[in-house]
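User: I would like to go through this model and see how each label on it was earned. Please give the reasoning along with the values.

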Amino acid sequence: MYAKMIIVPTPQLFIIFEKKNIKNFHNNIHMITNKKIILVTGGSGLVGNGIKYVSDLYNEKYEFVFTSSKQCDLTIMKDTVEMFKKYNPNYVIHLAACVGGLFKNMNNKVEMLEKNLMINYNVVKCAHDYKVEKLIACLSTCIFPDKEVTYPIDESMLHNGAPHFSNDAYAYAKRMLEIHCRCYKEKYGDNFTCIIPTNIYGPNDNFDLENGHVLPALIHKCFLAKQKDDDFIIRGTGKPLRQFIFSYDLAKIIMIIFEKNINENVIISVPEEHEISIGDIGKIIADNFDYGDRVVFDSTYSDGQYKKTVGIEKLKKILDENFQFTNIKDGIKISIDWFLCNYTPVIMKKDE
Ligand code: GFB
């Protein structure tokens, strides 16, 4: 006995599907709406939510499928295959990774290496086996060599030497992802490319006090310090330099690179003149909480890599000359507002 169900969610979408065809659900959609399917791994994270934010501009053309580790554990090949079989994506934006700030990287090297090696191996292999038309895989500027570079760093320097020791486990796993994509490209002509973002921040970030990246962690710490009338402790000397890109800007750029079918690795960052010290980031955050006079640096903590200044010559050729990057002060304000609206209740429970 077949179950028939008729769903008419929108005028231009009419689906009849039979129980046995559930696995090809997206195929049916594909067939009916002619929309190509973009699978976004890591879809519930910082950048994943950025893609969700900009996807409205592309919904006419593409069917976006946002997956997270709750739906599919990408460290398990069988589950990854199931996900590709279920969604049969035309394109993949691969953002899923085991990530964290300096202190998570330094204290969890085995996990950072193994989880990322497994996640990336499974996704890239499935992307090939399921004949995905385009794969964009996400690296990070922290994987560039620490010493064997000249500044500003460009894409050609990726494998020129060892990354900074603080995140070498994560860095080598991500370098293997670049090599894996390149091998499929060279042998089978697969349209697999990598983007190399700088430090990212924005709404939906990980505000964890220990494992978070510097910007969200300091927002959380300043909030708590003010709550408890404590000093606002910034770890390290505050001298290291970073380039920070707002997550929504990164998402816009990823879709531009996707739509223009750029098939070479591209660094995605704000220009080098926007580079800023950790100390100045801390001060901008403290000023937002009207807590500037309680900033204290604790140099017993590691500074990590002093700088990893990248150039964006290649990116500039891809973007329209009037592309506007979000100003760091505006971006931090938006992130703090998101934190205060969305995060506080959760932490209250955790921080008591
Ligand atoms: O974002 P972050 O954790 O990582 O920034 P990296 C670390 C810098 O911020 C160091 C200072 O100079 C720290 O001393 N810092 C000060 C803090 N206070 C804090 C704090 O409370 N928490 C944190 N986390 N830092 C990461 C790589 O490097 O860059 C990742 O480890 C990833 O794998 C990321 O690639 C983009 O910028 O040093």
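Analyst: A polar contact here is a pair of N or O atoms within 3.5 Å. The model is predicted. In it, a polar side-chain atom of Asn 105 lies 3.1 Å from an oxygen atom of the ligand, and 3.1 Å is within the 3.5 Å limit, so the pair counts as a polar contact.

User: What makes the pairs of Leu 102 and Lys 221 with the ligand polar contacts?

Analyst: The cut-off is again 3.5 Å between N or O atoms. For Leu 102, a polar backbone atom is 2.8 Å from an oxygen atom of the ligand. For Lys 221, an N or O atom of the side chain is 2.5 Å from a ligand oxygen. Both values fall within the limit, so both pairs qualify. On its own the ligand has 710 Å² of accessible area, and the protein covers 98% of that.

User: Which residues come nearest to the ligand?

Analyst: Leu 102, Cys 142, Lys 221, Ser 302 and Asp 303 come nearest, out of 24 residues around it. A residue belongs to that group if one of its heavy atoms lies within 4 Å. By class, the shell has 10 nonpolar, nine polar and five charged residues. Leu and Cys count as nonpolar, Lys and Asp as charged, and Ser falls among the polar ones.

User: Which elements each supply at least two residues of the shell?

Analyst: They are α4 (102–107), α7 (214–228) and β9 (232–235). The largest share, four residues, comes from α7.

User: Why is strand β7 described as largely enclosed?

Analyst: Buried means under 20% relative accessible area. Six of the six residues of β7 (residues 192–197) meet that, so the strand is largely enclosed by the rest of the structure. Phe 192, Cys 194 and Ile 196 point one way, Thr 193, Ile 195 and Pro 197 point the other way, and all are buried.

User: How do you know that β6 and β7 pair?

Analyst: Pairing requires at least two bridges between the strands. Strand β6 (residues 134–138) and β7 have four bridges, in the parallel sense, so the requirement is met. Leu 135, for instance, has Phe 192 as its bridge partner in β7.

User: What makes helix α2 mostly covered?

Analyst: Eight of the 10 residues of α2 (residues 46–55) are buried. They are Leu 46, Val 47, Gly 48, Asn 49, Gly 50, Ile 51, Val 54 and Ser 55. The cover over these buried residues includes β3, β4 (62–67), β5, β8 and α8 (247–259).

User: Why is Asn 34 called exposed, and why is Asn 90 called buried?

Analyst: Exposed means over 50% relative accessible area, buried under 20%. Asn 34, in the loop between α1 (25–33) and β3 (36–41), has 64% relative accessibility and therefore counts as exposed. Asn 90, in the loop between α3 (77–87) and β5 (91–94), has 8% and is therefore buried. A polar atom of the Asn 90 side chain lies 2.7 Å from the backbone nitrogen of Ile 37.

User: Why are Lys 131 and Asn 204 put in separate accessibility classes?

Analyst: Lys 131 has 69% relative accessibility, over the 50% mark, so it counts as exposed. Asn 204 has 25%, which lies between 20% and 50%, so it counts as partly exposed. Lys 131 is in the loop between α5 (109–129) and β6; Asn 204 is in the loop between β8 (199–201) and α7.

User: What makes the backbone at Lys 131 and Asn 204 worth a remark?

Analyst: Most residues other than glycine have a negative phi, and most peptide bonds are trans. Lys 131 is not a glycine, yet has a positive phi of about 50°. Asn 204, also not a glycine, has a positive phi of about 65°.

User: Which peptide bond is cis, and what is its omega near?

Analyst: The bond from Tyr 151 to Pro 152 is cis, with omega near 0°. Pro 152 is found in the loop between β6 and α6 (168–188).

User: How many helices and strands does the chain have?

Analyst: The chain has 11 helices and 14 strands. Of its 352 residues, 52% count as buried.

How values were computed
Residues are numbered from 1 along each chain as its sequence is written. This is a predicted model: local features need pLDDT of at least 70, side-chain atom pairs count only at pLDDT 80 or more; totals for chains, interfaces and linings use all residues. Side-chain values use heavy atoms; hydrogens and water are left out. Buried means under 20% relative accessible area, exposed over 50%, partly exposed in between (1.4 Å probe, protein chains only). A polar contact is a pair of N or O atoms within 3.5 Å; within protein, one must be able to donate a hydrogen and the other to accept it, and residues adjacent in sequence count only if both atoms are side-chain atoms. Accessible areas come from the Shrake-Rupley method with a 1.4 Å probe; for residues, only the protein chains shown count as cover. Contact means heavy atoms within 4.5 Å.
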